[in-house]
Every structure is written in C-alpha cells, then in structure tokens.
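Subject: Structure handover

Hi,

Here is the structure for you to look through. My notes on what turned up in it follow below.

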Amino acid sequence: MKKIFFVALALALLVCVSAASADVVIAFSQIGQESDWRTANTDDLKSAIENHPGWKLVYDDGQQKQENQIKALRNFITQNVDYILFTGVVSTGWDEVLKEVNEAEIPLLLIDRIPDCADKIDYVAAFGGDFVEEGRRQVAWAGEYLKKIGKGDTDVNIVIMEGTTGASAQTGRTEGNLKALKEYPHLKLVGQQSGNFTRAEGQAVMESWLKSIDKIDVLIAQNDDMALGAIDAIKAAGKVPGKDIIILGCDSVKAAFDSIVAGEMNCTVECTPLYGKFVVPTIEALIRGEKFDKTVVHPEEGVFDMDGGIDLGTVKSIKAADVIATRQY
Ligand code: AHR
C-alpha cells in the first residue's frame with residue numbers, strides 16, 4: 001500500500017513539474033520578406049519571443065500570399081498554440097479564418113497591418129502603424145519643404161509610388177497622401193502606381209515613369225525600398241536623385257538614413273517595425289490574467305530628413321545625420 005502511495009505521489013509530482021515547465025507557444029503568421037522593414041520586423045519579433053524564458057515560437061512566412069497565411073492560421077489552430085500574432089498581406093478576406101481562431105479560443109494579437117474585420121472579431125491587443133498619418137506626413141513634408149526653398153507657389157509635378165495593392169499600409173498611406181495633396185494645390189499628381197513595396201518593382205516603375213512622364217519633380221514612395229529602387233533608375237537615366245527629383249520614402253530603415261546622409265534621398269517618414277517591446281509585456285500581462293482594451297495602439301514615430309526643422313503640425317522633422325548612430329533597424 002505504502003509503495004503504491006509513493007509511486008502515485010512521484011507520478012503526480014512529475015505531471016506538476018512538466019506542466020510547470022511547459023512552454024508557452026506563440027505562433028506568428030508573417031506576410032513574407034518584401035522589404036528591409038519586414039526583415040527588421042521578423043528579426044525583432046523572433047528574437048523577442050525566442051529569447052524569452054519558457055516561450056517557444058512557431059513561425060510561418062506567408063510568401064506574400066493570403067492563401068498561405070490562411071493555411072498557417074488553420075495549422076496554428078490544429079496545433080492548439082497558446083497565442084497567435086497576425087499581420088495580413090491585404091486587409092480584406094480574413095473574417096472567416098479569424099472567427100475560427102476566436103472559436104478555438106486562442107488569444108489573437110494583431111500587429112502592423114490591422115485587418116478590415118477587426119471590429120467584427122475578438123482580439124486581445126493590437127499594435128500598428130498610423131498609415132493615414134504617415135501618408136499625410138509625406139505630402140506635408142514635400143509641401144513645406146518646397147515653401148522653405150522658395151517654391152511654395154510654383155507648380156510641381158509629383159508621382160506617388162504605392163505599396164502592395166489592398167494592403168492597409170497602401171490604402172492608408174494613399175488616403176493620407178491624397179487628402180494632404182488638397183492642402184497643397186500647386187503639387188500636381190502626374191503618376192500613381194504600385195511598386196509592391198519592393199526595391200526591384202520600385203526601380204521598374206520609376207524607369208517607366210521617366211520614359212512616359214515629361215517632368216517629375218517629387219517622388220513619394222510609400223516605403224524606403226521602392227524609393228531606393230527608384231533612385232537607381234533615376235541615376236541610370238542620368239538625373240541626380242535628391243536634386244533633380246525630390247525623393248521621399250517611408251519606414252526609416254538604415255539604408256534610407258545612409259541615402260539621406262549621402263544627399264540622394266530627401267526624407268523618410270518613420271513606421272517602426274519594432275513590435276517586440278510591445279508584444280512581450282502584453283503577453284506577460286495576459287498570462288497574469290490582465291485584460292486590454294480593444295483598441296489599436298500606434299507607436300510614436302518621427303520624420304527624418306537632410307536638415308531637420310520642417311514643421312508638420314503633429315511632428316517636426318529631425319536631421320537624419322544627427323540620429324543615424326542611434327537607429328536600431
Ligand atoms: O506594413 C508596413 C509596410 O510593409 C512597410 O512600410 C513596408 O516596407 C512593408 O513591406
């Protein structure tokens with residue numbers, strides 16, 4: 001009898017110890033790797049989760065395809081992971097699969113691109129860029145800079161290179177770009193096309209614009225990668241980027257800072273990819289049983305350029321060279 005009691009006790013202890021040391025499994029459905037921003041975002045979240053004691057990451061790269069991301073989310077449900085981090089390549093078409101996540105009662109954290117159905121589903125926390133404001137800042141910077149260099153009343157031809165069609169980062173920035181253009185009537189929109197957030201497509205779109213549009217004075221690229229690709233095309237066409245054509249990007253990746261310091265890009269509007277510092281304390285708090293409001297938190301972001309001091313209402317631009325050494329991505 002005594003022997004049976006001790007065996008049972010040992011088994012119970014074993015169950016307790018293994019339950020206490022079981023990993024918290026966090027699954028992350030990422031869009032793909034289209035840009036420097038995306039690489040920084042993946043690296044940041046991966047290291048934040050993998051370096052956390054007791055946490056295990058299940059990562060899936062959607063290769064820019066919605067169907068891959070839907071499949072990944074369903075796999076996460078089958079694996080019965082503890083938390084799901086999600087950003088969607090486009091903003092629509094997630095209702096069904098995210099409802100399945102809700103039905104499986106897996107807490108969902110939305111990051112970066114918030115899906116259109118966010119109001120109709122349950123999520124425990126959301127962190128994403130204020131894309132409309134980023135788009136507004138781009139045009140406002142161009143308008144205010146032109147005033148500063150004495151071209152405030154001159155008609156200026158502007159092209160907008162958009163991100164992946166249907167991504168909230170594209171729809172939001174386009175909305176912000178177009179609304180702000182109304183405040184600067186001398187900025188004439190002469191081209192608007194997607195460069196799919198990649199360097200290669202940014203270069204190709206700029207090449208074709210340089211052949212088909214008589215005069216381009218300002219390029220607004222909805223991310224830095226496309227701006228950098230466009231710079232290659234501008235140089236190949238014998239023009240001087242940053243002077244013959246004023247160039248704005250978005251994201252504020254290291255390569256954009258280098259380009260600004262080299263005098264080729266004029267401005268980059270920040271969109272931070274560093275969500276690890278938000279996600280980790282949030283999951284820790286959820287584990288403790290805390291709850292969060294169903295709101296989207298936008299991190300504070302800056303605007304960086306050649307000289308600094310351009311007032312954009314909500315923020316003043318900062319000279320890129322002054323802060324380049326402190327940049328993390
Ligand atoms: O959703 C954020 C956007 O996605 C970044 O601006 C872009 O570079 C990325 O691909």
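First, a cut-off: a residue is called buried under 20% relative accessible area, exposed over 50%, and partly exposed in between. Aspartate 95 has a relative accessibility of 26%, so the label for aspartate 95 is partly exposed. Please also keep in mind that this is a predicted model.

**Overall picture**

The protein has 11 helices and 13 strands. Its C-alpha trace spans about 95 × 40 × 35 Å along the principal axes. Of the 329 residues, 53% are buried. The accessible surface comes to about 15,000 Å². Carbon and sulfur atoms hold 53% of that surface.

Contacts reach far along the chain. Take those with a separation of 6 or more: 72% of them join residues 24 or more positions apart.

On charge, there are 34 positive and 49 negative ones. Their mean positions lie 1 Å apart.

**Salt bridges**

How many salt bridges does a search of the whole structure find? The count is 16. Here are some of them.

Lysine 120 and aspartate 95 form one, at 3.1 Å from N to O. Lysine 120 sits in the loop between β4 (108–111) and β5 (125–127). Aspartate 95 belongs to helix α4 (residues 95–103). The two are 25 residues apart in sequence, so their salt bridge ties together separate parts of the chain. What about exposure? Lysine 120 has a relative accessible area of 58%, so lysine 120 is exposed. Its partner, aspartate 95, is partly exposed at 26%.

Next, arginine 327 and glutamate 270. Their closest N and O atoms are 3.1 Å apart. This salt bridge also links distant parts of the chain, with the two positions 57 residues apart in the numbering. Arginine 327 is in the segment after α11 (320–323). Glutamate 270 is in strand β10 (residues 267–270). Are these two residues buried or exposed? Both arginine 327 and glutamate 270 are buried.

Glutamate 290 pairs with arginine 288 in another salt bridge, again with 3.1 Å between the closest N and O atoms. Glutamate 290 has a relative accessible area of 38%, which means partly exposed. Arginine 288 is at 58%, so arginine 288 counts as exposed.

Finally, a network. Which residues does it link? Salt bridges connect Glu34, Arg38, Asp112 and Arg113.

Best wishes

Terms used. Residues numbered from 1 in each chain as written. Predicted model: local features only at pLDDT ≥ 70, side-chain atom pairs only at ≥ 80, totals over all residues. Heavy atoms only, no water. Helix = DSSP H or I, 4+ residues; strand = E, 2+ residues; numbered from the N terminus. Buried < 20%, exposed > 50% of the residue type's maximum accessible area, 1.4 Å probe, protein only. Contact = heavy atoms within 4.5 Å. Areas by Shrake-Rupley, 256 points an atom, 1.4 Å probe, with all protein chains shown as cover. Lys, Arg positive; Asp, Glu negative; His and termini not counted. Charge placed at Lys NZ, Arg CZ, Asp CG, Glu CD. Salt bridge = Lys/Arg side-chain N within 4 Å of Asp/Glu carboxyl O.
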